[in-house]
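New to this one? Take a look at the model below, and then we can walk through it together.

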Amino acid sequence: MTAGAPGPGNAITDVPGLLVGHHHVLDPDVEYGRGAAAGCTVVRVPGGAVASVDVRGGGPGTRETDLLDPANTVRRVNAVLLSGGSAYGLAAADGVMRWLEEHREGIPMDPGDPAAVVPIVPGAVIFDLPVGDWGIRPTVEFGYRAAESAADTFERGCVGAGVAARAGSIKGGTGSASVVFADGPAAGVTVGALIVVNSVGSVFDPRTGLPWGVGTDGADAAGLRPASPERLAAANALPVKGTVLNTTVGVVATDAPLDPVACRRLATTGHDGLARAVRPAHSPLDGDTLFALSTGTATPSVPDPLPPAFPPDLQLVDQLCTAAAVCVERAIVDAIRSAHTVAGIPCYVDLFPG
């Protein structure tokens, strides 16, 4: 059984039916306390998706996460908001709801009136207020524009919710990755992740300069080589993050048909990838939160014969969960390698060129 290869875009939108949109503002000369650096990202699912969530950090900023408890009634969501702006940024979800209502996406409330819907939009925020003007943060209009712009291709790095993110001592951002399975119970299934990296923990090994989320050899290293002693000394001398409020948030998705309980397991194991790529993770100073979505459009294969102790649904979920952790890990690396310097916060590719 193979671990799966990246999808054609190596992005969460390799999962059929998922769309991603960003909206942000970033002044070219932004510095701490001056200019604008704020944004949000929306993962939109036309027709809805089964969903769940797992919150691991000690300081989360979230919306509608109680609704996603598998014991509760609502089974599907229409979109997920990831936003900067700390608790202020949750307001952007109202803009996403407005766009969805205008397009009649949501829970139908009146059989005689297709416009009578209640869109379900859970969300999570990062604390990025010290980057740029404290008073400029995502609003209702940000959410509306991000939902409107959602497409099957999207930018990465310092965009959307990641525009003002900081990953430990370096610039954070928005990253994505995917895995498509060729064999095993999940053959024909895609798993993807979209992550906004704004961690208090480090994202690179201070001994080599390599991201924690890649090895020193093999495909995951993507051509990276340990840094020179001079580069390492400069990177290790960077000041620690100037705020104690952080958070890495994201979405893991698959086209495999899963119920809310299995979605919850997908979100839970996605955090394993976060812990491999950010050290430390899930601290009292982070609000680390991962959502999981299942569109259910794929038809996984069922191997025959099966060991009696491992029914096909359990084998499928196990394979998907392994992929979820891999996708989150790779998406975090993608985020820091795609980011550029903002507000004097150095980016990974400038610290370790080549």
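What follows is a short tour by topic, from the cores to a few single residues.

Keep in mind that this is a predicted model. Its largest nonpolar core has 48 residues, and a second, separate core has 28. A search of the whole structure turns up zero disulfides.

**The nonpolar cores**

- In soluble globular proteins, nonpolar side chains tend to be buried together.
- Within the 48-residue core, the residues with the most contacts inside it are I195, V203, L266, L320, V328 and I332.
- Helices and strands both feed into this core: β10 (173-180), β11 (190-197), α3 (229-236), α4 (260-277), β13 (289-294), α5 (312-338) and α6 (348-351) each give at least two residues.
- Helix α5 supplies the largest share, with 13 residues.
- V203 is a good residue to click on: leaving out residues up to four places away in sequence, V203 touches A167, I170, V197, P211, W212, A277, V278, I332 and I336.
- The second core is separate from the largest one, and its members include V20, V196, A253 and L293.

**Cysteines without partners**

- With zero disulfides found in the whole structure, where does that leave C158? The nearest cysteine sulfur to C158 belongs to C347 and sits 7.5 Å away, and a disulfide needs the two sulfurs within 2.5 Å, so C158 is in no disulfide.
- C158 is buried because its relative accessible area is 5%, under the 20% limit.
- C327 is in no disulfide either, and the nearest cysteine sulfur, from C321, is 12 Å away.
- C327 has 0% relative accessibility, so C327 counts as buried.

**Helices α1 and α2**

- Two packed helices are described by the angle between their axes and the distance between the axes.
- Here, α1 (residues 92-102) and α2 (residues 140-148) pack at about 45°, with their axes 6 Å apart.
- That angle is why α1 counts as oblique to α2.
- Seen as a crossing, the α1 and α2 pair is right-handed.
- On the α1 side, A92, D94, G95, V96, R98, W99 and E102 take part; on the α2 side, they meet V140, E141, G143, Y144, A147 and E148.
- Which residues of α2 are buried? They are F142, G143, Y144, A146 and A147.
- The cover over those buried α2 residues includes β1 (19-26), β2 (37-55) and α1.

**L19, T295 and P16**

- L19 sits in strand β1 and is buried, because its relative accessible area is 19% and the limit is under 20%.
- Though L19 and S149 are 130 residues apart along the chain, their C-alpha atoms are separated by 9.0 Å.
- Setting aside residues up to four places away in sequence, L19 touches T13, V42, V43, R44, P46, A150, A151 and D152.
- T295 is in the loop between β13 and α5, and it counts as buried because its relative accessible area is 14%.
- Skipping neighbours within four places in sequence, T295 is in contact with V15, P16, L18, V45, A49, T254 and D255.
- P16 lies in the segment before β1 and has 42% relative accessibility, so P16 counts as partly exposed.
- Not counting residues up to four places away in sequence, P16 touches D255, T295 and T297.
- P16 and V96 are 80 residues apart in sequence, and their C-alpha atoms are 21 Å apart in space.

**Backbone details to look up**

- Where is P280? It is in the loop between α4 and β13.
- A cis peptide bond joins R279 and P280, with omega about -5°.
- R104 is a residue other than glycine with a positive phi, near 60°.
- R104 lies in the loop between α1 and β5 (107-108); its relative accessibility is 51%, so R104 counts as exposed.
- T247 is not a glycine, yet its phi is positive, at about 110°.
- T247 is in the loop between α3 and β12 (249-254), and T247 counts as buried because its relative accessible area is 3%.

Conventions. Residues numbered from 1 in each chain as written. Predicted model: local features only at pLDDT ≥ 70, side-chain atom pairs only at ≥ 80, totals over all residues. Heavy atoms only, no water. Buried < 20%, exposed > 50% of the residue type's maximum accessible area, 1.4 Å probe, protein only. Core = buried A, V, L, I, M, F, W, Y, C linked by side-chain atoms within 4.5 Å. Helix = DSSP H or I, 4+ residues; strand = E, 2+ residues; numbered from the N terminus. Contact = heavy atoms within 4.5 Å. Axes fitted to C-alpha atoms, helices over the stretch in contact; angles between N-to-C directions. Parallel < 35°, antiparallel > 145°, perpendicular 65-115°, else oblique. Left-handed = near helix turned anticlockwise from the far one by under 90°.
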